[in-house]
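Notebook open, coffee poured. I want to go through the helix packing and the cores, one lookup at a time.

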Amino acid sequence: MAPLDSARRRQGNRSRRLAVLLTTIAAAFVVLPGAAIAAPAGQQLAAADQALLDGVRLAGLWEMPAGQMAAEKGQSPIVREIGAEIAKQHEELDRLTVEAANKLGATIPNEPTAEQQGWLKEMKDSSGARFDQIFVTRLRVAHGKIFPVVSAVRASTRNDVVRDLANATNKFVGDHMLMLESTGLVRYAELPPAALPAPGNDGLLAAASANTGPQMNVNNTLIWAIFLGALGTGGFLTYRLLRRG
């Protein structure tokens with residue numbers, strides 16, 4: 001009976017070693033760099049993501065009342081029509097922005113900036129053709145400024161919620177520019193030139209593209225050390241099993 005017991009013990013030891021080997025190799029593959037960064041990186045909120053949330057929220061906070069004002073006091077029918085439509089669409093976009101901020105736990109503005117409040121006062125104090133011109137000019141310039149912001153963040157964000165908001169915003173902004181241009185009041189020669197930073201310069205696009213950099217919670221060197229160590233341990237145990245077999 002002794003040889004049988006000894007054989008059973010050897011078989012049990014081999015089974016345990018094999019289990020350890022398989023567990024070790026499986027653990028090594030779990031911590032591979034590709035697997036380690038895939039899950040958490042998708043929902044991280046970068047500075048450019050927050051900038052988009054703030055910018056879209058601020059746009060709605062002043063363009064909604066501006067559109068409502070245009071619908072009420074615009075001199076031309078087309079200004080009144082597009083004013084009402086822009087106000088309506090900004091209500092929807094603002095709702096999407098607030099929902100996105102709530103999902104991400106982000107804080108966003110609750111009132112327009114001092115400059116935006118000044119634009120609203122300017123419109124409130126004007127009337128007739130002058131109001132129409134101020135309304136179209138102010139909104140067209142504002143939309144032209146935020147348009148590249150949305151595109152830059154959309155191109156670089158790793159956040160699914162921000163990407164969806166950027167997609168919606170991009171459509172709204174494009175439609176609003178077309179509506180404003182349909183009035184015939186846009187003074188293209190007076191629009192500010194596009195300010196596109198050169199590669200490597202600090203600025204809006206550079207900040208947005210920063211989203212594409214490494215955003216890992218685990219150091220790559222540590223991951224590879226664990227991985228290689230696990231493989232080494234697995235190889236040693238395999239060698240011993242084969243030798244004893």
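Are helix 3 and helix 5 roughly parallel or roughly antiparallel to each other? Before answering, a note to self that this is a predicted model.

**Helix 3 and helix 5.** I pulled the axes of helix 3 (residues 47-73) and helix 5 (residues 114-124), and they come within 10 Å and cross at roughly 5°. Angles under 35 degrees count as roughly parallel, so helix 3 and helix 5 are roughly parallel to each other. Then I listed who meets whom. From helix 3 I got L58, A59, W62, P65, A66, M69 and K73, and across from them in helix 5 sit Q116, W119, L120, M123 and K124. Sorted by class, that contact has nine nonpolar residues, two charged and one polar.

**Q116.** I looked at this glutamine on its own, since Q116 is found in helix 5 and is part of the contact with helix 3. Is Q116 buried or exposed? Its relative accessibility is 9%, and buried means under 20%, so Q116 counts as buried. Skipping neighbours within four places in sequence, I find Q116 in contact with L58, A59 and W62.

**Cores.** Next I checked the nonpolar cores. The largest has 20 residues, and L52, L53 and I146 have the most contacts inside it. Which elements give two or more residues to this core? They are helix 3, helix 4 (77-104), helix 6 (128-156) and helix 7 (160-181). Helix 7 gives the largest share, seven residues. I followed up on I146: not counting residues up to four places away in sequence, I146 touches G55, V56 and V173. Apart from that core lies another one, of 19 residues, including A66, A70, W119 and V186. I had already met A66 and W119 in the contact between helix 3 and helix 5.

**Helix 4.** I ran a length check here. At 1.5 Å a residue, the 28 residues of helix 4 should span 40 Å, and the end C-alpha atoms are 41 Å apart, which agrees. For burial, I got V79, I82, G83, I86, A87, Q89, H90, L93, D94, T97, A100 and A101 as the buried residues of helix 4. Where do they pack? Against helix 3, helix 6 and helix 7. Last lookup of the day: G105 follows helix 4, and its phi is positive, near 65°.

Definitions and conventions:
Residues are numbered from 1 along each chain as its sequence is written. This is a predicted model: local features need pLDDT of at least 70, side-chain atom pairs count only at pLDDT 80 or more; totals for chains, interfaces and linings use all residues. Side-chain values use heavy atoms; hydrogens and water are left out. Axes are lines fitted to C-alpha atoms, for helices over the stretch in contact, and angles run from 0 to 180 degrees between N-to-C directions. Helices (H or I, at least four residues) and strands (E, at least two) are DSSP runs, numbered from the N terminus. Angles under 35 degrees count as roughly parallel, over 145 as roughly antiparallel, 65 to 115 as roughly perpendicular and the rest as oblique. Contact means heavy atoms within 4.5 Å. Ala, Val, Leu, Ile, Met, Phe, Trp, Tyr, Cys and Pro count as nonpolar, Asp, Glu, Lys and Arg as charged, and the others, Gly among them, as polar. A nonpolar core is a set of buried Ala, Val, Leu, Ile, Met, Phe, Trp, Tyr and Cys residues joined through side-chain atoms within 4.5 Å. Buried means under 20% relative accessible area, exposed over 50%, partly exposed in between (1.4 Å probe, protein chains only). The expected span of a helix is 1.5 Å times one less than its number of residues.
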